[in-house]
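Here is a short, friendly tour for anyone meeting this structure for the first time. Keep the 3D view open and turn it as you read.

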Amino acid sequence: ARGAAAGEALLDVAALQAALGPSRALLAYHLDGEVWRACVVRHDGPQRVEGRLPALNERLLQLRLQLAAMRRPGAAGQRHAPQLLQRARHLLRRFDDDLLAPLRAALGGVRQLVIVPHRGLHALPWAALVDESGHSLLERRELVVAPSATTWLHCHSRALQAGPDGGTALLVGAGGPTLPAVAQEIAAVHAAIGPQARLLQGEQASIAGFLAHAGEAETLHLACHASCRADNPDFSALHFSDGAWTLADASALPLRARLVTLSACDTAVSRVAPGDEVLGLARGFLLAGAHAVVATLWSVEDGSTAELMAAFYRARQRGQAVAAALRQAQLELAARHPHPFFWAPFVAYGHG
């Protein structure tokens with residue numbers, strides 16, 4: 001039950017196996033220096049595997065620097081863009097070799113993989129890891145990330161107990177001049193969901209406006225600025241038109257949402273507290289009652305984010321579950337923008 005939040009019951013392994021069923025597996029890592037230990041839980045039992053991952057922090061820094069290179073103006077269209085992509089894929093291939101290759105047999109036949117990372121592995125864009133055949137993990141499987149196995153099981157139970165989806169949605173767009181594509185994104189999401197979605201934009205995208213309607217919505221889409229405070233995660237915040245709304249506020253909000261989408265920069269960035277408890281905005285919304293949260297690992301590009309979100313909600317409206325819809329949207333975006341900087345920061349947390 002590593003990673004379970006304070007007050008959570010110990011993990012019921014039999015209940016977890018039953019919830020996973022034959023098409024899912026949960027993969028929980030534990031780092032001990034350069035050694036990792038993983039437990040693969042499937043419906044027919046757990047399996048333990050060990051491996052080595054040298055120089056994790058240095059390699060994560062190298063990967064962040066490669067991804068950051070795509071933020072330079074015009075980087076995506078420069079003649080050396082293929083070289084930037086090749087360098088990023090080389091680093092991602094090394095992570096796959098060390099972390100996933102030893103688990104190939106244990107994960108055979110799995111449609112959806114639920115990953116419970118540990119320490120620095122929370123910052124890894126798992127979907128972008130590249131195997132020996134050159135295929136990303138996104139191409140091979142649906143992906144979900146969870147702060148702990150217990151949290152995933154709780155989210156799964158909420159989803160099973162929820163009644164019929166009434167389709168109620170709240171779309172909040174607080175962009176301004178520094179996020180010019182927010183209006184385009186909100187319009188695209190509204191078109192995908194339909195006229196039943198409530199819109200809050202401009203000055204209406206206030207904290208009070210959000211709080212007045214958030215509790216009744218089954219889908220919450222928040223397109224805005226965000227700030228991460230790794231030193232004090234309670235002050236990580238989403239920025240509405242009239243100010244910042246923090247992680248502490250999010251955790252206390254009673255939600256019925258099946259999905260919360262945090263379409264902002266760094267909303268999945270978190271701090272790992274003593275006891276390996278992950279603290280961040282995504283976890284805050286899961287604690288508030290959301291079944292699933294889509295959040296981001298780094299500062300995303302405005303225009304491509306709008307493209308991805310439109311595709312994501314179109315897939316949702318066709319009846320796809322969160323992980324499947326996000327995978328479909330990421331694959332569509334990757335076909336147009338191959339570098340993982342554009343499509344790999346988006347992560348589904350909780351129930352997929």
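Helices H1 and H5 cross in a left-handed way. Bear in mind while you look around that this is a predicted model.

**Helix H1 against helix H5**

Helix H1 covers residues 13-20 and helix H5 covers residues 149-161; the two pack at an angle of about 55°, and their axes are 10 Å apart. At that angle H1 is oblique to H5. Which residues make the contact between H1 and H5? From H1 come Ala15, Leu16, Ala19 and Leu20, and they meet Ala149, Trp152, Leu153 and His156 of H5. Sorted by class, this contact holds seven nonpolar residues, one polar residue and no charged residues.

**Helix H2 against helix H3**

The next pair to find is H2 and H3, whose axes come within 9 Å and cross at roughly 155°. This makes H2 roughly antiparallel to H3, because an angle over 145 degrees counts as roughly antiparallel. The crossing of H2 and H3 is left-handed. On the H2 side the contact uses Leu56, Arg59, Leu60, Gln62, Leu63 and Gln66, while H3 brings Leu84, Arg87, Ala88, Leu91, Leu92, Arg94, Phe95 and Asp98. Eight residues of the contact between H2 and H3 are nonpolar, two are polar and four are charged.

Two residues of that contact deserve a closer look: the side chains of Arg59 and Asp98 form a salt bridge, with 2.8 Å from N to O. Arg59 sits in helix H2 (residues 56-68) and Asp98 in helix H3 (residues 81-99), so this pair links distant parts of the chain, 39 residues apart. Is Arg59 buried or exposed? Arg59 is buried, with a relative accessible area of 3%.

**Helix H10 against helix H11**

Further along the chain, H10 and H11 pack at an angle of about 140°, and 8 Å separates their axes. The two helices are therefore oblique to each other. H10 passes H11 in a right-handed crossing. In H10 the contact residues are Ser304, Glu307, Leu308, Ala311, Phe312, Arg314, Ala315 and Arg316, and in H11 they are Val322, Ala325, Leu326, Ala329, Gln330, Glu332, Leu333 and Arg336. These divide into nine nonpolar, two polar and five charged residues.

A salt bridge is found here too, between the side chains of Glu307 and Arg336 (2.9 Å, N to O). It links helix H10 (residues 302-317), home of Glu307, with helix H11 (residues 322-336), home of Arg336, and the two residues are 29 residues apart. Glu307 is partly exposed at 26% relative accessibility, and Arg336 is partly exposed at 45%.

**The helix pairs side by side**

| Helix pair | Angle between axes | Axis distance |
|---|---|---|
| H1 and H5 | about 55° | 10 Å |
| H2 and H3 | roughly 155° | within 9 Å |
| H10 and H11 | about 140° | 8 Å |

**Salt bridges elsewhere**

Side chains of opposite charge can pair when their charged atoms come close. How many salt bridges are counted in this model? The count comes to 14 salt bridges.

One of them joins Arg256 and Glu218, whose closest N and O atoms are 3.0 Å apart. Arg256 lies in the loop between helix H8 (247-252) and strand E11 (259-263), and Glu218 lies in the loop between helix H7 (207-214) and strand E8 (219-227), so the pair ties together parts 38 residues apart in sequence. The partners have their own surroundings: Arg256 is partly exposed, at 44% relative accessibility, whereas Glu218 is buried, with a relative accessible area of 3%.

Salt bridges can also share partners: Asp96, Arg104, Asp131, Glu132 and Arg140 are joined in this way into one network.

**A last stop at Ala197**

Finally, look for Ala197 in the loop between helix H6 (182-193) and strand E7 (198-201). Ala197 counts as buried, at 7% relative accessibility. Leaving aside residues up to four places away in sequence, Ala197 touches Ala169, Leu171 and His190. To get a sense of scale, compare the position of Leu129: Ala197 and Leu129 are 68 residues apart in sequence, and their C-alpha atoms are 35 Å apart in space.

Terms used
Residues numbered from 1 in each chain as written. Predicted model: local features only at pLDDT ≥ 70, side-chain atom pairs only at ≥ 80, totals over all residues. Heavy atoms only, no water. Salt bridge = Lys/Arg side-chain N within 4 Å of Asp/Glu carboxyl O. Helix = DSSP H or I, 4+ residues; strand = E, 2+ residues; numbered from the N terminus. Buried < 20%, exposed > 50% of the residue type's maximum accessible area, 1.4 Å probe, protein only. Axes fitted to C-alpha atoms, helices over the stretch in contact; angles between N-to-C directions. Parallel < 35°, antiparallel > 145°, perpendicular 65-115°, else oblique. Left-handed = near helix turned anticlockwise from the far one by under 90°. Contact = heavy atoms within 4.5 Å. Nonpolar A, V, L, I, M, F, W, Y, C, P; charged D, E, K, R; others polar.
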